[in-house]
Amino acid sequence: MATAPTASMLLEKSLPELAQDLRDGRVTSEALTQAYIDRIKAVDQDGPRLQAVLALNPDALRRARALDKQRADGETLGPLHGLPILLKDNIETKDNLAATAGALALKDNITNRDAPLTQGLREAGAVILGKTNLSQWANFRSNHSNSGWSALGGQTRNPHSLDRNPCGSSSGSGAAIAASLAAGAVGTETNGSIICPSNVNGIVGFKPTVGLVAQDGIIPISKTQDTAGPMTKTVRGAAMMLSAMDEADIDYAAALRENALSGARIGVLRFAQGSSPHIQARFNAALGTLRAQGVTLVEIEEFDLAVENYGAKSLSVLEYEFKDGLNTYLAGTPPAVKTRSLSELIAFNKTHDTIELALFDQSLFESAQARGPLTDAAYIAARDEIVLATGKNGIDRLMADNAVTALVAPSGPLAPRFDPVNGDVWPDWAGAGYLAAVAGYPHLTVPMGTVRHIPIGLSFIGGAGQDAAILSYGYDYERASQLRAAPKYLTTVEDDPRLYEVLSNKLTRD
């Protein structure tokens, strides 16, 4: 059994609490940044070796000292002034850090430019602490991948139980925040890549309405579905980060309301609760908390996408858009990057197969390469059909027909074991995140407890542009429930003494 590397009282704090400590002078940005660097070395690079952080920013401490001086001189940049933030390693920063997507082909992709979201965080005073590991290429390389593995970062571990899947593709961001390796982290999502790792690592994750956070400076998959979003310990922390990442002048933290749930009508997506009795029990308990906060719950038992071959069509849209977007991105990378197209990338991986293809293939790359341009009628028809089915005829219709202002469901399944033999092997899926992902609508997950030390989250889903309202609902639920659990760094859940006794038959023999 691994020794739990308990975070200090300082690092266990949430982003808003740390911001207050910095304002009150109880800690400096330099001291806080150094404390996170020390913890990353002790927990991520040593000890349980989470491998959640792919690279540290060599200029982080210099930036922290400069921010401390600015504060001492009476100048505060914004609400994130002095807070160390991690970026998923498919996001550009003008710091001396590459944006690699975890891939050997992009190890020299130092662009010397900030993505707009990075610039927003910087202007709000954040310290870019480093880059987080991820499912390579944001989990769009193979149908048989291992979530949380990249050639440059290795396998990210789930800090709750080191043998459990950290989910992806924002695996490192999820594990890092659960393990108190930064004040906050940025993830990206195309379909589940913020929500799923937040769910299984027991933190708050928010996928905004697509377009609210600029897609520029992020290694792309899908122009219709890609977005970045905050991953933190609390909803308020996520709202503070989103205010900086969103180029619009909106203070999402100020918009949070403690009584947001009082009088609300919310739809319960029973068709998405899954088959696990453990998840259903946690979900029903969460619904009880919502009722206690004054919510009228409307049961929704059935939903039909009404799209023939939905899975194949939704995948085809991603393949078309990935090829188009990645070819454009690679063509604009620095000269040090030698792979300038998807076809060259496929060839590079074959040449470096002992590293890149050691665990799984590149079947998605190859199928995407076979797709035509975005003017293809098949692409346009599939895109329009799936967006309509999940948006206007999906979330919008579910909300309108049931006169509700949001939808709730479990955020996903309980994390299975990491499996390098079979790749990701997930149990029966719970949740309806695919609806929000394909429609491009906001989706928030908030911890709603654990099952034998493995976290599970509650999803709040709304219509396009309802980001502030969804955050408020989640904030009010979080305030009433307080179910985020600190990780125990178990080697396996069987290390739990009670479970060990049951599994070893000690109770019967004794």
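User: Which residue of strand 10 is the bridge partner of I266?

Analyst: Happy to help! This is a predicted model, where local features need pLDDT of at least 70, side-chain atom pairs count only at pLDDT 80 or more, and totals for chains, interfaces and linings use all residues. Residues are numbered from 1 along each chain as its sequence is written, and side-chain values use heavy atoms, with hydrogens and water left out. Strands (E, at least two residues) and helices (H or I, at least four) are DSSP runs, numbered from the N terminus; in strand 10, the bridge partner of I266 is L297.

User: Over how many bridges do strand 9 and strand 10 pair?

Analyst: Two strands pair if DSSP finds at least two bridges between them. Strand 9 covers residues 265–269 and strand 10 covers residues 296–300; they pair in the parallel sense, and the number of bridges is five.

User: Is the crossover from strand 9 to strand 10 right-handed or left-handed?

Analyst: The chain leaves strand 9, passes through helix 9 (residues 277–292) and reaches strand 10, making a β-α-β crossover. Such a crossover is right-handed if, with the strands pointing away from the viewer, the path from the first strand over the helix to the second runs clockwise. This crossover is right-handed.

User: Is R452 buried or exposed?

Analyst: R452 lies in the loop between strand 12 (443–451) and strand 13 (454–461), and has a positive phi of about 50° although it is not a glycine. Buried means under 20% relative accessible area, exposed over 50%, and partly exposed in between, using a 1.4 Å probe and protein chains only. The relative accessibility of R452 is 53%, so this residue counts as exposed.

User: Which residue is joined to G168 by a cis peptide bond?

Analyst: Look in the loop between strand 5 (154–155) and helix 6 (171–178). The omega of this cis bond is about 15°, and the partner of G168 is S169.

User: How much space lies in the largest cavity?

Analyst: On a 1 Å grid over the protein atoms alone, a cavity is a set of points where a 1.4 Å probe fits but cannot get out, and lining residues have an atom within 4 Å of a point. Points are joined across faces, edges and corners, and a volume is the space filled by probe spheres set on them. A search of the whole structure finds two cavities of 30 Å³ or more. The lining of the largest includes S169, K88 and D226, and its space is about 70 Å³.

Conventions
1 Å grid on protein atoms, 1.4 Å probe; cavity = no way out; pocket = protein on both sides within 12 Å on 5 of 7 lines; lining within 4 Å.
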